[in-house]
Every structure is written in C-alpha cells, then in structure tokens.
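Biologist: Could you bring up the model, please? I should like to discuss the contact between the chains and then the spaces inside.

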Amino acid sequence: MQKVFATTWAWDTPTKAETPVSATLTFLTPTGNTLQSVTDVEVSPWMPSMGHGTYTDDQEITPLPGRPGAFRVSGLYFIMGGPWEIRITATVNGIQDRLAIKATVQ
Amino acid sequence: MKLWRITLISLASWMLTPSPLALGCASCGSGGDDPMILYPNEREKLYMGLGSVAGFRNIGPDGAPSTAGGPARKYLTTVAYGHSFSPRGFFTLTVPYVRNVRDDASRASWGDPSLSGRYTLIMTSIVEPWKPQVQIVGGYKSGFARSLRNTEEPKTLLDVFGSGFAETRVGLDLWYGQSSLLMGAAHLVSYPLARDYDGSTYQPGLTQRSTVTLGYRWAPHIKSLIGTNREAHAPLRIAHDAAPDSDQLNYSAFVTQDVMLDQLTMLRLTLSQQGAYGPIRNAARSSAVTAAYMVSF
C-alpha cells in the first residue's frame with residue numbers, strides 16, 4: 001500500500017505520565033514536501049506491550065494558522081509510564097492512511 | 001496398667017502426628033495463591049486477611065522504571081473459606097474486596113473470586129523425614145471485576161479491581177517440614193482465558209510461577225518463612241497477533257511470620273515486595289503488608 005503522508009512530531013513539553021502534554025504534528029508528503037490539505041486527523045496513544053490505550057477526553061487537535069499541514073495536539077494524557085505508540089490517522093486527497101511513532105513516557 | 005497403655009498409645013500417636021506447622025506448603029504465604037491450607041485434622045477453616053499495597057512503579061521492557069499510574073494505594077480485605085473432602089484434600093473459596101485510593105478519592109469493590117483445591121499425593125511422615133509432602137494444586141479465578149480494559153474511570157483507574165481475564169491454574173508443591181529447618185518449592189502454570197474487548201480478542205500469555213521457600217520453626221507454635229517467586233508471562237495476543245515486547249518477567253520476595261495461638265487459630269504477618277530484584281521486564285514494582293487471622297473448626 002502506497003504511503004500518502006509522512007509526519008514530524010515535536011513535543012512541547014517532556015512526556016510525563018498523568019500530566020497533560022502537548023505536541024506539534026506536521027504532515028508532509030512521503031518525499032518531505034508540505035501538504036496543503038489534510039483532514040480527519042485522529043491521534044490515539046497506544047501501549048503495545050500492555051495492549052491498551054489511554055484517557056482521551058481532554059485531547060484536542062487544532063490546525064496551526066499560517067502553517068499548512070501542521071496541527072497542535074493538546075491534552076495528551078498517558079495513564080502510565082513506559083513505551084507508547086502515537087497512532088496517527090488522516091485523510092489526504094481523499095485517501096486515508098495511518099502511521100505510528102514511538103514515545104517513551106516517564 | 002491400663003492407664004499406662006492408654007498414655008503410651010496417646011503419646012505415640014501424638015509423636016507420629018505431624019505438627020500443623022510441619023504441614024505447611026511452599027506456595028502458602030507467598031502472597032500469590034491460596035492464602036491458607038487445611039491440615040489433615042481440619043474439616044473447615046476461615047481466613048481473614050487485611051492488606052495494603054503501595055509504592056507502585058512500572059518496569060518497562062528495557063527494565064527502566066516509570067510512573068505506574070492509577071491508585072497510589074490499594075487496601076485488600078480477603079476472606080477465604082476452606083473445606084476438606086478427605087484428610088488429603090480440600091477446596092478453598094477466596095473472595096477479595098479492594099479499596100483503591102488516589103489523593104483524596106477512593107473506590108471500593110469486589111475483586112476476582114477464586115476457587116482452588118489441593119490434594120496431597122505424598123504425605124509427610126515423622127518416620128521418613130527425608131520424604132517431602134507433595135501436593136497437586138489446581139484452581140480457577142474468575143475475571144468479572146472491572147479491569148484496565150473496561151474501566152469507566154480511564155484517567156484515574158480507580159475502578160480497576162481485577163485483571164479482566166479468568167484463568168485456570170495447575171501445579172505441584174513440595175514441602176519439607178519435619179525438622180526445625182523448613183524448605184519447599186512450588187511450580188504453577190496459569191492459563192488465562194481469552195476475552196473480547198472493543199471488538200478484539202485478547203489472549204494473555206501462559207504464566208509460569210516458581211516459588212522457593214526457606215523457613216525455621218523456633219518453637220512448636222512459631223515459624224518464620226522467607227521466599228521468592230519468579231513469574232514469567234508469555235506475550236499477550238491481540239486478534240491472534242503477539243503484541244510486541246509484551247512478555248513479562250517479575251521476581252518477588254516475601255517474609256512470613258506464623259504464630260499459632262492454640263490448636264485452632266493462627267496469626268500470620270507477611271511482607272512482600274514485587275519487582276524485588278533481577279531482570280524485571282514489563283512488570284510492576286510494589287510493596288505489600290498483610291496481616292491474617294485463621295481459625296479452623
């Protein structure tokens with residue numbers, strides 16, 4: 001399956017369990033160019049070694065003004081420390097795709 | 001003359017009947033399985049334990065510690081009832097009640113009840129002190145208590161009272177209890193039953209638990225035990241696929257002090273430490289203290 005996007009992910013604060021944290025998520029083409037139209041963005045933290053997710057009620061995904069393809073993800077809340085995955089789903093040009101990035105939470 | 005005969009027969013019977021404290025078991029008092037055993041002369045027994053667990057830390061797949069999350073302390077009230085069906089075997093029904101505490105909030109509910117049985121394949125004997133007591137152990141633990149996978153308080157996990165999975169277990173328990181120096185070993189295999197959560201089938205891995213116990217009987221009614229458990233879990237499977245880095249390994253240590261108040265009642269104090277030493281992986285570290293009262297009738 002052809003990948004329709006890549007991402008960069010930058011934490012605003014250190015990732016600490018039981019503390020709301022935020023990050024900047026930027027979508028790019030697979031070759032690293034800016035993506036103009038990204039919709040249906042979803043972010044789901046998942047702990048693969050334990051097989052569970054986390055509390056997401058306070059999570060918000062907001063487009064960053066003047067920065068195409070960039071979003072601020074706030075209210076991320078990890079219920080425990082350890083190795084997590086940030087599972088990202090989005091639609092680009094009508095095609096839905098997903099990827100996961102790794103995160104270590106203290 | 002008749003009185004002498006009766007006295008001698010009584011004395012011989014008493015000497016050849018092992019002390020209840022000799023008839024222990026390696027996995028009893030280890031903080032994991034059956035909280036009590038019934039001795040051959042006991043028909044029924046009640047157990048009430050009060051415990052506190054705190055100091056939770058997560059240990060990741062690389063052995064690094066991190067925040068455990070959830071309750072800061074758990075208070076456990078455990079009630080167990082044992083009934084013998086022969087001098088060699090008995091069943092025990094164990095029901096825990098758990099109170100989770102975090103900051104100023106707390107929630108309480110029943111934990112997962114369990115039903116277990118023990119059958120003595122080889123009885124210990126004072127005339128053959130080198131022969132260990134050998135028991136076969138089996139049991140079933142229900143998984144109805146709310147767990148991490150169906151919590152209604154996903155931020156605080158205060159309503160998590162169980163593992164979320166029923167399991168069956170079987171094992172062997174060897175125990176040398178005829179001298180002042182006591183020792184034993186046990187090995188139990190637990191098979192958790194698969195269960196669906198959010199449309200996916202979760203199958204926790206097979207668990208192997210080994211226990212080694214050493215002890216000393218200071219007096220006919222007082223004994224001390226120290227021991228260790230090694231618990232290894234095979235990887236979790238979600239929708240038939242093994243979750244990466246999900247196998248678990250934990251080493252715990254425990255100290256138990258038993259005092260028989262009389263022939264029917266016993267007090268037990270147990271201190272245990274999960275994640276005590278060794279190459280721990282994907283497991284939890286915590287400290288527990290449990291005081292228990294047992295009475296047979």
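Modeller: What follows covers the interface and then a pocket and the cavities; please note that this is a predicted model.

Biologist: How much area do chain A and chain B bury between them?

Modeller: Chain A and chain B bury about 1500 Å² between them, and 57% of that area is on carbon and sulfur atoms.

Biologist: And how many residues does each chain bring to the contact?

Modeller: Chain A contributes 18 residues and chain B contributes 22 residues.

Biologist: How many salt bridges does the rule find across the interface of chain A and chain B?

Modeller: There are two salt bridges across that interface. In a salt bridge given at residue level, the side chain of Arg102(B) meets that of Glu18(A), with an N to O distance of 2.4 Å.

Biologist: What is the make-up of the side of chain A that touches chain B?

Modeller: That side of chain A has 10 nonpolar, six polar and two charged residues.

Biologist: How many residue pairs are in polar contact across the interface?

Modeller: The rule finds 10 such pairs between chain A and chain B, counting pairs with both residues at pLDDT 80 or more.

Biologist: Let us change topic. How much space lies in the second largest pocket?

Modeller: The second largest pocket holds about 450 Å³ of space. It is lined by 24 residues, and the closest to its centre are Trp46(A), Gly51(A), His52(A), Gly53(A) and Tyr202(B).

Biologist: Which elements give two or more residues to that lining?

Modeller: From chain A it is strand E6 (82-92), and from chain B strand E11 (200-203) and strand E15 (241-242). By class, the pocket lining has 12 nonpolar, seven polar and five charged residues.

Biologist: Now the enclosed spaces. How many cavities of 30 Å³ or more are there?

Modeller: The count comes to four cavities of 30 Å³ or more. The second largest cavity contains about 100 Å³ of space. Of its 14 lining residues, Leu38(B), Pro40(B), Thr120(B), Gln133(B) and Gln135(B) are the closest to the centre.

Biologist: Which strands of chain B each supply at least two residues of that lining?

Modeller: Strand E4 (89-102), strand E6 (114-122) and strand E7 (133-141) of chain B each do so.

Biologist: And how does the lining of the second largest cavity divide by class?

Modeller: The cavity lining has eight nonpolar, four polar and two charged residues.

Terms used:
Residues numbered from 1 in each chain as written. Chains lettered and ligands numbered in written order. Predicted model: local features only at pLDDT ≥ 70, side-chain atom pairs only at ≥ 80, totals over all residues. Heavy atoms only, no water. 1 Å grid on protein atoms, 1.4 Å probe; cavity = no way out; pocket = protein on both sides within 12 Å on 5 of 7 lines; lining within 4 Å. Points joined across faces, edges and corners; volume = space filled by probe spheres on them. Helix = DSSP H or I, 4+ residues; strand = E, 2+ residues; numbered from the N terminus. Nonpolar A, V, L, I, M, F, W, Y, C, P; charged D, E, K, R; others polar. Contact = heavy atoms within 4.5 Å. Buried area = accessible area lost by both parts, 1.4 Å probe. Salt bridge = Lys/Arg side-chain N within 4 Å of Asp/Glu carboxyl O. Polar contact = N/O pair within 3.5 Å; in protein donor to acceptor, adjacent residues only side chain to side chain.
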